[in-house]
Amino acid sequence: MKKILTTITLGLGALIALTACGSGEIEPVTLKLVSHDSFFVSEGTLEAFTEQTGHTVELVPLGDAGEMLNQNILSKNNPLGDVVFGIDNTFLSRALENDILVAYDSPALADIDDSLKLDPENRALPVDFGDVCLNYDLEWFAASDLDAPSGLADLADPDYAGLTVVENPSTSSPGLAFLMATVDAYGEEGYLDYWAQLVDNDVRVENGWSEAYYEAFTRYGGDRPIVVSYASSPPAEVLFADPPVDGAVTASVTAPSSCFRQIEFVGILAGTEHEAAAQQLIDFMLGKTFQEDIPLNMFVFPSNTTAELPESFVAYATVPDSPATLNPETIAANRETWISDWTDVVLR
Amino acid sequence: MSYLAISNIQKSFGSTIAVDGVSLSLERGEIVCLLGPSGCGKTTLLRLVAGLESADGGQILLDGQDLVDVPTYQRGIGMMFQSYALFPHMTVAQNVSYGLRMAKEPAPLITERVAEMLELVDMVGLKDRKIDQLSGGQQQRVALARSLATRPGVLLLDEPLGSLDRLLRERLLDELRAILKKVGVTALYVTHDQSEAFGIADRVAVMNLGKIEQINSPQEIYIRPINRFVANFLGLSNVIASGLWLEASDGLSQLLQAELKSGFAVLIPPYAGAINKQDGLRPIDVTVLSYSFRGRFALLVCQVGEHILEFSLDPYAENGLMGRTFEAGQVIPIYLNPSHFVELQG
Amino acid sequence: MRKYARLLPLIPLIFFGLFYFYPLASILQLSFAPEGRFELDAVTEIFRDRYYLSTLWFTLWQAIVSTVLTLLLALPAAYVFATYDFRYKQTLRTISTLPFVLPTVVVANAFSALIGPRGLLNGILQTVFRLEEPPIDLHQTIWMILLAHVFYNYSVALRIVSAYWERINQDLSQAAETLGASRQQRFWTITLPLLRPAIMAAAVLVFIFTFTSFGVVLLLGGPRFATLEVEIYRQAVNIFDLPVAAALSLFQIVFTFALMAVYTRTQSRIATQPSSRTAAARPVTTPLDRWLVGGNLTVMFVLLATPLLALVLRSLSWTGGNPFTYYGRLFVNERGSAFFVPPIQAVGNSLMFAGMAIVFSLVIGLICAYLVADRNRWLDPIFMLPLATSAVTLGFGYIIALDEPPLNLRQSLILIPLAHSLVAIPFVIRTVLPALRAIDPAVREAAGTLGADPQRVWLTIDWPLLSRVLLVAAVFAFTISMGEFGATVFIARPDNPTMPTAIFRFLGRPGAVNFGQALAMSTLLMLVCSVGFVLIERLRIGDNNLDQGEF
């Protein structure tokens with residue numbers, strides 16, 4: 001029943017969009033899509049939007065996710081674009097508190113996974129998600145007597161001493177996500193004890209994902225076979241293997257309470273002069289064409305449940321059963337405390 | 001009407017008056033030398049004529065045309081700098097042809113003129129040399145050739161021999177005068193060296209504190225310096241202030257009281273004394289302080305009363321002087337020629 | 001025409017006003033006075049909080065130690081380059097600038113390939129000495145930071161000091177020799193005091209680079225070390241505490257300004273003293289000569305070349321197939337990405353921005369140099385300030401300041417070369433000033449008396465006399481622009497990446513091919529820069545002796 005309703009809504013939405021376009025109610029405009037610099041799409045995807053609506057999309061990348069959000073806040077009186085892509089749940093409250101987004105109850109939300117919808121007012125609409133999980137080097141563990149880790153607890157096991165590399169939560173977004181996974185798993189009372197155990201177990205901390213992955217991880221000449229990365233990294237390792245491989249070379253630990261789900265949102269920037277066209281772009285980005293293009297470009301999962309996953313994702317990426325999802329208010333209220341307490345325990 | 005007429009020109013730097021109402025005229029083809037100690041304003045005056053400084057007041061007329069509002073590059077005045085200011089990134093020929101190229105002269109004329117100029121300064125074989133491969137004397141020649149190549153009506157020379165050693169300087173001096181006379185250029189020449197000024201100039205203007213003290217031919221200026229400053233600057237040191245001889249009773253003072261009517265300071269030139277008695281000469285007794293043979297002359301330093309006097313005696317003309325020595329403390333008679341005495345103003 | 005020439009000083013003043021002071025003032029105002037009233041609590045806070053004080057202290061001492069180490073290593077090489085004549089000397093000196101263009105994240109990889117726990121050196125040592133554990137572990141130690149700082153700044157010190165050393169009057173040392181001074185005594189009593197201005201200038205410049213160090217400390221130092229610049233970034237981006245970020249930026253600017261003032265004073269002394277002629281370099285003959293030249297070239301090879309070579313080796317595929325796989329893959333748009341840019345185009349973008357940055361920074365820097373030389377010495381430290389200003393602070397300033405027409409430049413590509421120029425101009429000024437001051441004013445006057453109007457005086461005298469140092473300045477502007485990442489990433493369009501942004505894009509994704517392509521692109525970057533250096537060196541006009549530029 002729900003499905004039928006959805007189809008009708010979607011159909012209506014499309015119809016409205018089409019008629020709107022056809023009757024010329026919305027003048028074709030150029031929309032500026034503000035994003036972080038990891039935004040990628042395939043050729044033809046945004047052109048499909050232009051074909052549907054007549055609007056063209058100009059991309060405005062603004063550095064990494066934090067830099068992008070802050071620039072949007074600084075420019076809220078004179079926004080840098082019409083639509084923003086890539087505000088994530090760890091920074092969502094900052095965006096909402098600063099009123100940089102306007103609400104839009106997109107009909108496309110009907111197909112979006114409800115667990116991803118963190119803003120009841122629909123100012124920020126979930127567009128994709130990725131799970132930050134422990135990744136490990138399959139080859140390394142095959143050659144070792146040790147079993148691959150099965151959850152967070154293993155990392156504190158002395159057998160796993162000196163095997164893990166994580167990112168600094170104060171400078172890296174997967175680092176922050178993983179810290180939150182531990183907060184969720186061990187509670188606010190217990191997570192620091194857990195980290196103290198990791199320190200005793202010689203955990204290595206890098207400031208950025210690139211250094212952790214490409215320097216410390218055993219796949220790239222480092223000495224750590226366990227690295228904090230994404231649940232979607234294993235399919236990327238297969239796709240970008242050299243020489244090509246038949247099967248997975250890395251895997252992620254997706255046991256309950258071992259991952260943190262990063263959800264990315266799109267939204268309409270307050271102050272846009274093209275709100276109606278911006279709504280169409282939001283609809284498009286939540287729709288199937290764009291959603292199915294997401295995985296192989298940005299290595300995250302589509303938020304639209306009807307979008308089909310590419311083969312490599314089906315084969316090599318595991319979606320964790322019950323990843324941690326702290327609500328944005330809790331995150332906003334505690335982020336700096338968690339980071340500074342973590343810094344005291346792990347780095348000092 | 002003079003070819004270059006400077007009248008009442010004025011220039012200050014802040015509170016320092018560099019050139020204080022100077023007037024000066026040069027005839028066509030004349031070489032005038034500005035002589036004076038450093039800081040007397042002679043270089044500033046030169047730079048005013050060149051247009052490298054702008055005057056606070058006064059007039060500079062070149063062939064009747066007022067130069068005050070004409071920028072340097074349109075004045076058509078050549079200049080030789082003390083440092084030569086040769087263009088280090090150009091060859092000898094390129095340096096010499098620079099002014100012609102700026103004037104957009106046709107190429108054949110440039111080639112011809114450069115050859116002519118290099119010939120004039122005797123640098124024919126070195127036209128493709130780099131500037132840093134030249135000796136000081138050669139650089140000086142290039143600088144001269146460069147400044148003459150455009151055939152300027154007036155050539156300004158700012159201590160052009162100042163950075164050369166003495167021997168070279170003397171040799172080049174005559175050559176320089178010969179070349180200037182040959183091309184017939186009107187030249188204003190700045191130096192602090194008296195022998196250089198006398199060697200090159202038709203007329204010498206002695207400058208002090210931004211003013212011209214005296215201007216005349218070298219000979220006139222030497223035998224009739226106008227005042228104590230000019231006398232001293234020309235190395236004429238036997239100046240006796242009026243207050244010192246009017247009342248004194250030594251032999252010299254008595255002589256001066258008898259010979260001179262006015263009460264001004266007086267210069268006794270070093271050539272005014274002799275050791276042998278001659279007609280018209282007036283003897284005074286002096287105490288020898290030192291005596292030395294100097295080649296062309298012999299220098300006697302002596303004392304009479306309060307005054308120290310220097311005399312250049314001529315051992316070739318005076319009988320019995322060659323081979324003779326005087327001891328310090330010895331008292332001898334010196335015969336003075338009062339007609340050489342110069343009464344000084346101020 | 002004369003009237004227009006008088007307007008030229010307005011160009012740098014407008015440039016610095018619009019693209020430096022106005023954005024900086026805007027962000028400082030927004031940070032300190034969001035409600036219109038100034039709240040300076042953040043400024044006092046940074047002097048009360050122990051954490052910030054210890055950050056200040058660390059920033060200061062690591063910069064001092066880095067500077068001393070860089071000078072100790074570079075001075076002997078400066079002597080060798082100033083004294084001896086050997087093959088490829090000029091090329092070696094220019095190529096030593098290469099580390100400058102490499103993004104820190106790439107250099108971090110190079111060092112880890114070389115001296116990481118599983119790097120080349122540890123591998124060799126472990127095999128030779130049969131060790132269980134890798135003997136060298138500099139990872140995330142202060143040594144790693146110092147090593148990287150020396151790696152980046154060695155050529156700066158080498159180039160400043162050797163250029164000056166060449167021009168120290170040999171007669172003085174020989175005079176001392178006739179007075180009975182031994183070789184050692186001559187060095188300590190004559191050469192070193194004469195060199196002091198050059199050493200001071202190099203020291204202050206290296207100090208400022210390391211004092212404001214960001215990437216090296218963040219990526220190689222790891223999470224336990226933070227300089228002011230790192231902390232500013234963390235406060236501005238991660239925590240979004242603008243008042244604290246602004247207070248720290250302000251402190252950094254004021255501190256460096258004071259230092260710059262000292263520096264420009266030593267710098268003007270430098271420019272007036274040395275002779276304009278280069279002493280003739282002597283050939284390598286005695287065993288001592290050979291030992292000195294060989295020793296220093298070895299140090300340079302080990303310090304500068306081996307990490308770069310390690311990078312090149314890592315960019316090749318060692319899995320048996322075509323070793324140039326990753327280079328080949330650069331040219332293929334396998335995933336059909338709308339953002340795929342063939343490497344030629346990235347090279348093209350980089351070269352285009354670098355070309356524009358060269359033009360902007362040479363024109364503006366040259367005018368600045370004339371202003372400074374023309375008795376406006378107080379301007380010099382001001383022109384140097386962009387070097388000391390946190391990039392993220394200024395970047396945020398651009399966002400809020402340049403948002404209204406006619407200055408709505410926030411997303412304009414022209415901002416990329418303008419931002420690069422802001423960093424390159426201090427280098428241009430430092431390079432041009434000494435040569436400018438060495439031009440005898442009488443030479444220009446002579447040209448005037450020969451009938452050249454002011455424009456032609458400039459064209460026929462200043463231009464050729466400065467052309468050599470302008471080329472050196474162009475090398476610096478080129479290098480800075482080619483390697484710059486921070487400003488570019490704010491502005492560059494995804495379909496318009498430069499080589500460094502392309503490298504970062506590859507490094508942001510997992511997978512061997514992405515990693516390989518990042519290193520292949522880094523190697524290409526080095527290659528393009530080397531070719532650029534050689535071409536710029538080739539441009540040298542004439543061979544005059546007035547080329548004593550270099551800072």
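Domain bounds here come from an automatic or database domain assignment. With that in hand, welcome to a short tour of this predicted model, one close-up at a time.

**Figure 1. The two domains of chain B.** Chain B is split into domain 1, covering residues 4–225, and domain 2, covering residues 239–344. Between the C-alpha centres of domain 1 of chain B and domain 2 of chain B there are 40 Å.

**Figure 2. Helix H1 of chain B and the glycine that follows.** Helix H1 takes in residues 42–50 of chain B, and nine of the nine are buried, so this helix is largely enclosed by the rest of the structure. The buried residues include Lys42(B) and Arg47(B), along with Thr43(B) and Thr44(B). Leu45(B), Leu46(B), Leu48(B), Val49(B) and Ala50(B) are also on the buried list. If you like to check backbone torsions, look just past the helix: Gly51(B) follows H1(B) and has a positive phi, near 85°.

**Figure 3. An open antiparallel sheet in chain B.** Here five strands of chain B line up in the order S13-S17-S14-S15-S16, with antiparallel pairing. Strand S13 (273–274) and strand S16 (307–313) of chain B are the edge strands; each has a single partner strand, so one side of each has no neighbour in the sheet. Further in, strand S14 (residues 282–293) and strand S17 (residues 331–336) of chain B run antiparallel and are joined by six bridges. To find your place in this pairing, start from Val286(B), which sits opposite Ile332(B) of S17(B). As a general reminder, strands of a sheet pair through backbone hydrogen bonds, either parallel or antiparallel.

**Figure 4. Strand S5 of chain A and its partners.** How many residues of strand S5 (residues 125–137) of chain A are buried? The count is 13 of 13, and the strand is mostly covered. Its pairings are easiest to follow one partner at a time:

- Strand S10 (residues 260–269) of chain A pairs with S5(A) in the antiparallel sense through seven bridges, and Leu125(A) faces Val266(A) of S10(A).
- Strand S11 (residues 301–302) of chain A is joined to S5(A) by two bridges, again antiparallel, with Phe129(A) opposite Phe301(A) of S11(A).
- Strand S8 (residues 226–230) of chain A runs antiparallel to S5(A) and shares five bridges with it; Cys133(A) has Ser229(A) of S8(A) as its bridge partner.
- Strand S9 (residues 250–252) of chain A forms three antiparallel bridges with S5(A), and Asn135(A) is partnered by Ser252(A) of S9(A).

**Figure 5. A loop residue, Ala148(A).** Ala148(A) belongs to the loop that links helix H5 (138–143) and helix H6 (152–155) of chain A. Is Ala148(A) buried or partly exposed? It has 17 C-beta neighbours inside 10 Å, and because a residue needs 20 or more to be buried, Ala148(A) counts as partly exposed. Setting aside residues up to four places away in sequence, Ala148(A) touches Tyr136(A), Phe141(A) and Ala251(A). Ala148(A) is 12 residues from Tyr136(A) in sequence, and their C-alpha atoms are 7.3 Å apart.

**Figure 6. Chain C and the nonpolar core.** Chain C contains 24 helices and two strands, and its C-alpha trace spans about 65 × 65 × 50 Å along the principal axes. The radius of gyration of chain C is 24 Å, in agreement with the value near 24 Å for a compact globule of 551 residues. Of those 551 residues, 52% count as buried. Among contacts in chain C between residues at least 6 apart in sequence, 81% join residues at least 24 apart. The largest nonpolar core has 377 residues; those touching the most other members are Val83(A), Val161(C), Ala202(C), Val432(C) and Ala477(C). Helix H8 (residues 142–165) of chain C gives this core its largest share, 17 residues. Beyond its neighbours within four places in sequence, Val161(C) contacts residues including Ala74(C), Leu75(C), Leu195(C) and Ala202(C).

**Figure 7. Where the chains meet.** Of the two pairs of chains that touch, A and C have the most contacts. Their interface brings together 48 residues of chain C and 53 residues of chain A. Helix H12 (228–239) and helix H24 (512–538) are among the elements of chain C that each supply at least two residues to this side, whose residues divide into 24 nonpolar, 16 polar and eight charged. The contact between chains B and C takes 19 residues from chain B and 21 residues from chain C. On the chain B side, helix H2 (72–75), strand S6 (77–80) and helix H3 (92–102) each supply at least two residues, and the side as a whole has 12 nonpolar, six polar and one charged. Chains A and B do not touch, with their nearest C-alpha atoms 48 Å apart.

How values were computed: Residues numbered from 1 in each chain as written. Chains lettered and ligands numbered in written order. Predicted model: local features only at pLDDT ≥ 70, side-chain atom pairs only at ≥ 80, totals over all residues. Helix = DSSP H or I, 4+ residues; strand = E, 2+ residues; numbered from the N terminus. Buried ≥ 20, exposed ≤ 12 C-beta atoms within 10 Å, placed from the backbone. Contact = placed C-beta atoms within 7 Å. Rg over C-alpha atoms; globule rule 2.2 N^0.38 Å. Core = buried A, V, L, I, M, F, W, Y, C linked by C-beta atoms within 7 Å. Nonpolar A, V, L, I, M, F, W, Y, C, P; charged D, E, K, R; others polar. Pairing = 2+ DSSP bridges.
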